[in-house]
Amino acid sequence: MQLVVARIGRAHGIKGEVTVEVRTDEPELRLAPGAVLATEPSSVGPLTITTGRVHSGRLLLRFEGVGDRTAAEALRNTLLIAEVDPEEVPEDPEEFYDHQLIDLDVVTRDGTAVGRIREISHLPYQDLLIVERPDGSEVMIPFVAEIVPEIDLEEQRAVIDPPPGLLDESQAEVASSREDS
């Protein structure tokens with residue numbers, strides 16, 4: 001099975017390094033020197049990582065055959081894809097691969113059906129579960145322990161404890177108002 005593990009950003013320096021937006025919890029395993037990764041678009045790859053280092057909090061990679069800034073810039077926005085055994089699970093029991101979460105039923109603590117996870121959106125500060133409701137609409141649920149306290153892979157469901165207003169805007173609570181100041 002193929003998993004997107006990173007997206008190539010801009011070129012860094014003049015020797016072919018690129019910044020990458022990491023999309024895996026295991027970059028030291030998936031993005032290590034020697035790793036051969038498929039790409040999207042496929043015409044760019046496969047790419048073999050020759051070096052990797054962290055600079056100012058960003059991961060920088062260099063690929064075999066990419067020796068200058070022009071070649072590195074041509075890779076911008078390319079997705080890096082690793083081949084993963086579908087039975088493999090992350091070491092941390094609190095972590096999940098996207099393919100484990102897609103199609104899970106989403107229910108509230110009291111068992112009320114919310115919908116089904118259709119996509120995981122990886123944002124810089126947190127991930128979002130994109131849930132399709134039975135009526136076809138979507139709701140975005142922050143994938144944090146306070147809101148998604150339980151993932152049960154055997155039962156194929158995610159249990160959520162949504163704050164007021166997450167599922168129904170009419171129940172939203174206003175925390176403060178500028179007029180109150």
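Let's start with one pair of residues: Ile 8 sits across from Val 20 of strand β2. Keep in mind that what you're looking at is a predicted model. The strands behind that pair, β1 and β2, run antiparallel and are joined by 5 bridges. They form a hairpin with 4 residues between the strands, and there Gly 13 adopts a positive phi near 75°.

Val 20 has a facing residue in another strand too, since Leu 59 of β5 stands opposite it. β2 and β5 are also antiparallel, with 3 bridges between them.

Here are the strand pairs worth finding in the viewer:

| Strand pair | Sense | Bridges | Facing residues |
|---|---|---|---|
| β1 and β2 | antiparallel | 5 bridges | Ile 8 and Val 20 |
| β2 and β5 | antiparallel | 3 bridges | Val 20 and Leu 59 |
| β7 and β12 | parallel | 4 bridges | Val 107 and Val 159 |

**The cores**

Ile 8 and Val 20 turn up again in the largest nonpolar core, which has 22 residues. Along with Leu 31, Leu 61, Phe 63 and Leu 80, they touch the most other members. Strands β1 (2–12), β2 (17–22), β4 (47–55), β5 (58–63) and β6 (79–83) each put at least two residues into this core. The biggest giver is β1, with 5 residues. As a general point, nonpolar side chains in soluble globular proteins tend to be buried together.

Which residues does Phe 63 contact, once neighbours within four places in sequence are left aside? The list is Ile 8, Val 18, Leu 47, Thr 48, Ile 49, Thr 50, Leu 75 and Leu 80. Apart from the core described above lies another one, made of 16 residues, including Ile 117, Ile 141, Ala 158 and Ile 160.

**The open sheet**

Now look further along the chain. Here 6 strands make an open sheet, ordered β10-β9-β8-β7-β12-β11, with mixed pairing. At its edges are β10 (138–142) and β11 (150–152), each paired on one side only. Ignoring direction, neighbouring strands in this sheet are turned by 35° against each other on average. Within the sheet, β7 (residues 105–108) and β12 (residues 157–160) are parallel and share 4 bridges. Val 107 faces Val 159 of β12.

**The whole chain**

Stepping back, the chain contains 3 helices and 12 strands. It has 181 residues, and 34% of them count as buried. Among contacts with a separation of 6 or more, 47% link residues 24 or more positions apart. The chain exposes about 11200 Å², and carbon and sulfur atoms supply 47% of that area.

Note on methods
Residues numbered from 1 in each chain as written. Predicted model: local features only at pLDDT ≥ 70, side-chain atom pairs only at ≥ 80, totals over all residues. Heavy atoms only, no water. Buried < 20%, exposed > 50% of the residue type's maximum accessible area, 1.4 Å probe, protein only. Contact = heavy atoms within 4.5 Å. Areas by Shrake-Rupley, 256 points an atom, 1.4 Å probe, with all protein chains shown as cover. Core = buried A, V, L, I, M, F, W, Y, C linked by side-chain atoms within 4.5 Å. Pairing = 2+ DSSP bridges. Axes fitted to C-alpha atoms, helices over the stretch in contact; angles between N-to-C directions.
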